[in-house]
Amino acid sequence: MCTRPPPRGQGSVVISGDEKKRAETEATFRAANERIRAAERELDPPMDRVPYLCECDDVACREPIQLTTAEYERLRADGATFVVAHGHPSEGDVVEEHDGYLVVQKRDGGGEVARALDPRGEDA
């Protein structure tokens with residue numbers, strides 16, 4: 001679990017380290033969330049909210065973020081977007097703010113890396 005305080009209402013999240021490495025770390029969490037999504041599709045009845053992993057750039061983070069299927073699919077529409085708990089480190093633009101999480105979009109080189117590592121590829 002991340003140990004950073006969860007400030008709310010900020011325009012962007014904490015910026016640190018190398019942009020490419022951060023995008024790769026976040027893409028690793030996104031790949032894990034894709035496996036969670038695949039498992040969720042098999043549930044009968046389906047869950048209202050699924051515990052996905054925070055996709056911040058802290059490799060030790062295991063913060064769960066509860067999302068509906070529609071919320072998860074909406075944020076996955078762009079391979080450069082990630083779901084991040086409030087106050088967790090991720091470089092990019094906050095494009096949505098919700099209770100419990102932010103949607104962060106990578107830009108420039110980080111966005112290119114994120115899209116290249118998107119498990120959905122062209123379908124995202």
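A salt bridge is defined here as a side-chain nitrogen of Lys or Arg within 4 Å of a carboxyl oxygen of Asp or Glu. By this criterion, a search of the whole structure yields 15 salt bridges. The structure is a predicted model, in which local features need pLDDT of at least 70 and side-chain atom pairs count only at pLDDT 80 or more, whereas totals for chains, interfaces and linings use all residues. Residues are numbered from 1 along each chain as its sequence is written, and side-chain values use heavy atoms, with hydrogens and water left out.

The secondary structure of the chain comprises three helices and five strands, taken as DSSP runs numbered from the N terminus (helices: H or I, at least four residues; strands: E, at least two). In order from the N terminus, the elements follow the pattern α-β-β-α-β-β-β-α. Of the 124 residues in the chain, 43% are buried; buried denotes under 20% relative accessible area, exposed over 50%, and partly exposed the range in between (1.4 Å probe, protein chains only). Among the contacts (heavy atoms within 4.5 Å) with a separation of 6 or more, 63% are made by residues 24 or more positions apart.

Several salt bridges connect separate elements. The side chains of aspartate 57 and arginine 22 form one such bridge, with an N to O distance of 3.6 Å. Aspartate 57 is located in the loop between β1 (50-53) and β2 (64-67) and arginine 22 in helix α1 (residues 19-41), so this pair ties together parts that are 35 residues apart in sequence. Both aspartate 57 and arginine 22 are buried. A further salt bridge, at 2.8 Å (N to O), joins the side chains of arginine 74 and glutamate 96. This pair links distant parts of the chain, with arginine 74 in helix α2 (residues 69-75) and glutamate 96 in strand β4 (residues 93-98), 22 residues apart. Arginine 74 counts as partly exposed because its relative accessibility is 39%; glutamate 96, at 24% relative accessibility, is also classed as partly exposed.

Arginine 115 and aspartate 78 likewise meet through their side chains in a salt bridge of 3.1 Å (N to O). Since arginine 115 lies in helix α3 (residues 108-116) and aspartate 78 in the loop between α2 and β3 (81-84), the pair ties together parts that are 37 residues apart in sequence. Arginine 115 is partly exposed, at a relative accessible area of 42%. In addition, a network of salt bridges links Glu34, Arg37, Glu40, Arg41, Glu73, Arg76, Asp118 and Arg120.

Helix α3 has Gly110, Gly111, Val113 and Ala114 as its buried residues. Viewed down the axis of α3, these residues fall within an arc of 165°, so they line one face of the helix; the arc is that of the directions from the helix axis to the C-beta atoms. The exposed residues Asp108, Glu112 and Ala116 are carried on the face of α3 turned away from its buried side. The cover over the buried residues of α3 includes α1 and β3.

Strand pairing requires that DSSP find at least two bridges between two strands. An open sheet of three strands has the order β3-β5-β4, with antiparallel pairing. Its edge strands are β3 and β4, each of which pairs on one side only. Strand β3 is joined to strand β5 (residues 101-105) by four bridges, and the two run antiparallel. Within this pairing, valine 83 stands opposite valine 103 in β5.

Strands β1 and β2 are also antiparallel and are joined by four bridges. The bridge partner of valine 50 in β2 is leucine 67. Val50 and Tyr52 make up the covered face of β1, while Pro51 and Leu53 make up the uncovered one. The C-alpha atoms of leucine 53 and alanine 32, 21 residues apart along the chain, are separated by 7.7 Å. Alanine 32 is situated in helix α1 and is buried, with a relative accessible area of 15%.

Serine 90 occupies the loop between β3 and β4. Its relative accessible area is 0%, and serine 90 is therefore buried. The side chains of serine 90 and glutamate 26 are joined by a polar contact of 2.7 Å. A polar contact is a pair of N or O atoms within 3.5 Å; within protein, one must be able to donate a hydrogen and the other to accept it, and residues adjacent in sequence count only if both atoms are side-chain atoms.
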